[in-house]
Amino acid sequence: MTDNKDPGNSDSFREKSHRERAHVRQQIDEVRQRIEDLSSTGKDNKADIVACKGELEVLKKELQSIKEGGHTTFAMAKRMLEPKKDVSSKNRSIKFRRERLSSQIAKLEAKLKETDPSPEERRGILDKITNFKKDRSTLSEEVEALREFNHTRFMAFHKEADKANEQEAELEKVDKKIFIVETRLDKALEKNDDDLLNKAKEELHLLHMERESIVNFSHDLFLKNLEQLKAKRKSDLK
C-alpha cells in the first residue's frame, strides 16, 4: 500500500519550520530594538537606521518564505546586507582620524614656518607631512567605499596592499645588507684574508636565505630559527 502522506505535513517538518520561524521572530525583535536604540542616541545614525529597516523588511519576507516553504531563497539577500551595517559609526571613526591627521599636518607645516630646521630635520618633517597627507587621502577613498557599501572589500584590499609594501621594504633592507657584505667579500679577496672571506661568505649565505624567506612570506619563521640555522651552518662547515 502506497503512503500518500505529504512530507511537508510531517512532524519533523513542522518542528523544523517552527524553530526557523521562532529564530527569525527573535531577529526581528532584535532589529527593532536596534532601530529604537539608534534613534535615541542623539548621534547621526541615519545610514544605520536605513540599513536596519532594510534588514527588517528582508526578515519579514523571510518569515513569509518559511510559511510558504521557500526559505533558502533569502540566504543571499541577508548576506548582501552585511556590508551595510554600522555605516554611521564607521563614518564617525573616519572623520575623527581625518581631523587628527589634518591637525598633525597643520602643526608640522607651522613648525617649518616658525623654526629654522636643519636640512636633515626639514626633510624629516616634509616626509612626515607627505605620509600624513597620503593617509588622509586613503581615508577619503574609504569614505567613498562606505557610500558604495564596499567597506569590507576595501579593507581587505588595503590589507593585502600593506602586506606587499611591507614585503618590498623588507627586501630593500636585506638587499642593502647583501650589497655591503658583497663589498666586504671583494675586499677580503683582494687582501687574500681567509678569515674575513669565510665570515663574509657565511653572512652572505644567511642573507640570501633571509631574502628567500621574505619572497616566500616566511620571514617571521626564518628570524625565529635564525640562531639554529647559524649553528647548523657552522656544524656543516666543520
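Modeller: Before we begin, a polar contact is a pair of N or O atoms within 3.5 Å, where, within protein, one atom must be able to donate a hydrogen and the other to accept it. Please also keep in mind that this is a predicted model.

Colleague: With that in hand, which atoms come together at the start of H7?

Modeller: There, a side-chain oxygen of Asp193 reaches to within 3.1 Å of the backbone nitrogen of Asp195, a distance that can be set against the 3.5 Å limit of a polar contact.

Colleague: Before going further into H7, how many helices and how many strands does the protein have?

Modeller: The protein has 9 helices and 0 strands, and its pattern along the sequence reads α-α-α-α-α-α-α-α-α. Of its 238 residues, 24% are buried, while about 17,700 Å² of surface is exposed, with carbon and sulfur atoms supplying 52% of that area. If one takes the contacts between residues at least 6 apart in sequence, 59% of them join residues at least 24 apart.

Colleague: Where in the protein is confidence lowest, and where is it highest?

Modeller: The idea to hold on to is that pLDDT is the predictor's own confidence in each residue. Here the mean is 77, and 72% of the residues reach 70 or more. Confidence is lowest in helix H3, residues 75–81, at a mean of 50, and highest in H7, at 88. Over residues 1–9 the pLDDT is below 50, and beyond near neighbours in sequence this stretch has 3 contacts in the model.

Colleague: How does one check the length of a helix such as H7, and what span should its 22 residues have?

Modeller: One counts 1.5 Å a residue, so the 22 residues of H7, running from 194 to 215, should span 32 Å, and the C-alpha atoms at its ends are indeed 32 Å apart, which agrees.

Colleague: Which residues of H7 are buried?

Modeller: The buried residues of H7 are Leu197, Ala200, Glu202, Leu204, Leu206, Leu207, Glu210, Ser213 and Ile214, a list that includes the charged residues Glu202 and Glu210 as well as Leu197 and Ile214.

Colleague: How should I read the backbone on either side of H7, and which residue just after H7 takes a positive phi?

Modeller: Most residues other than glycine have a negative phi. Against that background, Phe217, just after H7, takes a positive phi of about 55 degrees. On the other side, Asn192 has a positive phi of about 60 degrees although it is not a glycine. Asn192 lies in the loop between helix H6, residues 151–191, and H7, and with a relative accessible area of 61% it is exposed.

Colleague: Turning to charged pairs, how many salt bridges does the count come to?

Modeller: Side chains of opposite charge can pair when their charged atoms come close. The count here comes to 5 salt bridges. One of them is formed by Asp175 and Arg211, whose closest N and O atoms are 2.7 Å apart. Asp175 lies in helix H6 and Arg211 in helix H7, so this pair ties together parts that are 36 residues apart in sequence. Asp175 is partly exposed, at a relative accessible area of 32%, and Arg211 is also partly exposed, at 29%.

Colleague: Which residue forms a salt bridge with Arg184?

Modeller: Arg184 pairs with Glu203, the closest N and O atoms being 2.8 Å apart. Since Arg184 lies in helix H6 and Glu203 in helix H7, the pair ties together parts that are 19 residues apart in sequence. Arg184 counts as partly exposed at 37% relative accessibility, and Glu203 counts as partly exposed at 32%.

Colleague: And where do Asp195 and Lys199 lie?

Modeller: Asp195 and Lys199 both lie in helix H7, 4 residues apart, which is about one turn of the helix. Their salt bridge has its closest N and O atoms 3.7 Å apart, to be read against the 4 Å cut-off for a salt bridge. Asp195 is partly exposed at 46% relative accessibility, whereas Lys199, with a relative accessible area of 52%, is exposed.

Colleague: Finally, what distance separates the C-alpha atoms of Asp220 and Glu210?

Modeller: Those C-alpha atoms are separated by 9.8 Å, and the two residues are 10 apart along the chain. Asp220 has its place in helix H8, residues 219–224, and is exposed, with a relative accessible area of 65%, whereas Glu210 is among the buried residues of H7.

How values were computed. Residues numbered from 1 in each chain as written. Predicted model: local features only at pLDDT ≥ 70, side-chain atom pairs only at ≥ 80, totals over all residues. Heavy atoms only, no water. Helix = DSSP H or I, 4+ residues; strand = E, 2+ residues; numbered from the N terminus. Expected span 1.5 Å × (residues − 1). Buried < 20%, exposed > 50% of the residue type's maximum accessible area, 1.4 Å probe, protein only. Contact = heavy atoms within 4.5 Å. Areas by Shrake-Rupley, 256 points an atom, 1.4 Å probe, with all protein chains shown as cover. Salt bridge = Lys/Arg side-chain N within 4 Å of Asp/Glu carboxyl O. pLDDT = per-residue confidence, 0-100.
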